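Dear colleague,

I am handing over the structure we spoke about, and I would be glad if you could look through it with the notes below at your side.

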Amino acid sequence: MWAWTLWMLPLLCKFSLAVLLAKPENISCIFYYERNFTCTWSPEKEASDTWYTVKRTYCFGRKSDHCTTGNSTSTARTSCSFYPPPITIPDNYTIQVEAQNADGIIKSDITQWRLDTIVKTEPPEIYSVKPVLGIKRMVQIKWKRPVLAPKSTTLKYRLRFRTVNSAGWMEVNFKEGSNGDTTYNLTGLQAFTEYVVALQCVAEESVFWSGWSQEKMGTTEEEGKLVPSPHGLDLWRVLRPAMVDGRRPVQLLWKKARGAPVLEKTLGYNIQYFPENNTNLTKTVNTTNQQLDLYLGGETYWVSVISYNSLGESSLATLRIPAIDEKPFQCIEAMHSCLTQDQLVVEWQSSASEVDTWMVEWFPVLDSEPSIFSWESVSGARNWTIQQDELKPFWCYNISVYPMLQDQVGEPYSIQAYVKEGIPSVGPVSKVENIGVKTVTITWKEIPTSRRNGFISNYTIFYQAEDGKEFCVFEIFLITSLVGGSLLILIIPTVAYGLKKPNKLKHLCWPDVPNPAESSIAMWRGDNFEDKLNVKEFDDSVNMEEERILKPCSVPSDLIDKLVVDFENFLEEFSTEEPGKGQENILGGEKNEYVTSPYRPYCPTGKHFKELPLATEIPSRKSQYLSSGVPEGTSSEDKEQLLSSASSLGLDHLCEEGAPNPYLKNSVTTREFLVPEKLPDQTKREV
């Protein structure tokens, strides 16, 4: 049995480790005319020791063959090509891809292909781009038809062209003539301007265009005279900080205005500049470049530029250079950028309706001085667009918009933008400083601008104890957010409940405390009170330190309800009684049914009675009312001592203004008798 197990174990391990083959999918085939028939498929990455076989049926299903890819070391295992002579047009191919390794074989679905719909030709070859004598603003393009293209098929062409100084292409589509003509006249161009053209073609029924031909340049014919542009030149400047000697570097830039007709090639430019308050200091410079570096003083200057050729001059373009201490006006309130499918759009807001011209400048934010500087004038709009392919991906561009009102240039508004972002090329270099017992300072250098590849949104600090778990700032923030969020979720319903039902919330947080002032314990009759409260049940076992405290007793369950009496009514009726009657009632008169404390003295008019600290007053018509305030078991000598000590307290001590209510000091179930050292005279007479 063990031998069989040991023999089966390698087989089971091999079966469990076997990699299931992926079915070849996404089969795509291209017929490179008279060169090869190539098919590709996915997955592009496969397990080792896997090879593929492509089975082909051609001649409308009458013949078949196959091609096989290399082994796992081959660099093109998901592509296979068939070569002539069997490749012909027209024909229908049936293609199926089979994957195989040591564990099995799996086949793809069968696909059908018509060669005339997937044929791809070579690009045409342009051999001349020339103007036609006597025809203005046009060039004639001639090319050779591709050799590797079906002769029986009509070709379609796509021509793209641009000026030498432009980055944007324009395209024109046309079809080959019936006589196989390979000439095309490109019209509507600018006079005496150099153009770059390229050409590609496709078979009429095919979906695959050829590649672009090599670019060819040509120049349109020159006009007979120079017509000045109504816009002249677009003129701009870049102001640099003043140097130590007071000179201010200014870089002048100019180009042909957008929309202005370009009539012929410019031979040069004439630049004049002078201080605003002194035209006698005018200086002139000639150049063939489209920029000039000047060194001006701190005052206001005027600059003018004229383009010229052998036939004449263009209109004058002027620009005012403000003084170094002049403050520009500000009117742009906000600006933002967004990306569309193939453009970067910049929009801005301004409250100055009179400003209708803006100058937009942009340049890449590099670690060194920017060498690539671009600018463009915008009129009649508050937005600007640029093709994404004119900006480099992963480069940060600084975009500024200047408002222009007549000869004044306002304060710019700047933002930064990327046409495409990616992960940083490098990480920040960190350094640990100020290491303490429980604190440490971590500093790092910012990633160079050229290697950020996008906006840095945040930094995450990873730290861990030696051989311990790693933490990061994000985890701490997440835990804090969860705890704070839970507390917030708990507080919001509580506040809402409190606003909806404030009385219930108040009752839960601050429960009502019984008010002894609302009781009327004095309304009880003497006999009934003795029946309600059994003093004999009190504990007699008291020590000397506690002999002035009445111990708790067993009380009926309904005692609290029965003790709720109107104390205010008692006070009112007590105040209406005459002093003499009050004393008689205290001494046990029969007519008055209201009972007062035997220790309550008479207070003169205008004073308040200061209650003795008695927790419970037990009125009685018998002569034993004093002994009821003394715990049982107390000897007669002790009682006399207590009475004598109570009598030492004078009447004036008890009659004080603003005396507190004694009932606020005691509870219902526990009463504390504090016997005064000297009793009043009324008490002595009662005894």
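What follows is an account of the cysteines and then of one strand and its partners.

Please keep in mind throughout that this is a predicted model.

The disulfides

With a disulfide taken as a pair of cysteine sulfur atoms within 2.5 Å, the count comes to two disulfides. When the bonded cysteines are counted along the chain, the disulfides follow the pattern 1-2, 3-4.

One of the two is formed by Cys29 and Cys39, whose sulfur atoms lie 2.1 Å apart. This pair links distant parts of the chain, since Cys29 belongs to strand S1 (residues 25-32) and Cys39 to strand S2 (residues 36-42), with the two positions ten residues apart in the sense that they are ten residues apart. The torsion about the S-S bond of Cys29 and Cys39 is about 105°, and the disulfide is therefore right-handed. As for their surroundings, both Cys29 and Cys39 are buried.

The other disulfide joins Cys67 to Cys80, with an S to S distance of 1.8 Å. Because Cys67 lies in strand S4 (residues 63-68) and Cys80 in strand S5 (residues 79-82), this pair ties together parts that are 13 residues apart in sequence. Cys67 is buried, having a relative accessible area of 10%, and Cys80 is buried as well, with a relative accessible area of 6%.

Two further cysteines deserve a line here. Cys59 is buried with a relative accessible area of 19%, a value that falls under the 20% limit for a buried residue, and Cys331 also counts as buried, at 7% relative accessibility.

Strand S6 and its partners

Strand S6 (residues 92-101) has seven of its ten residues buried, so it is largely enclosed by the rest of the structure. The pairings of this strand can be taken in turn.

With strand S3 (residues 51-58), S6 pairs in the antiparallel sense over seven bridges, and in this pairing Lys55 stands opposite Gln96 in S6. With strand S8 (residues 111-114), S6 pairs over four bridges, again in the antiparallel sense, and here Asn92 stands opposite Arg114 in S8. Strand S7 (residues 104-107) is joined to S6 by four bridges, the two running antiparallel, with Glu98 standing opposite Lys107 in S7. Between S6 and S7 the chain forms a hairpin, which joins them through two residues.

With kind regards

Methods. Residues numbered from 1 in each chain as written. Predicted model: local features only at pLDDT ≥ 70, side-chain atom pairs only at ≥ 80, totals over all residues. Heavy atoms only, no water. Buried < 20%, exposed > 50% of the residue type's maximum accessible area, 1.4 Å probe, protein only. Pairing = 2+ DSSP bridges.
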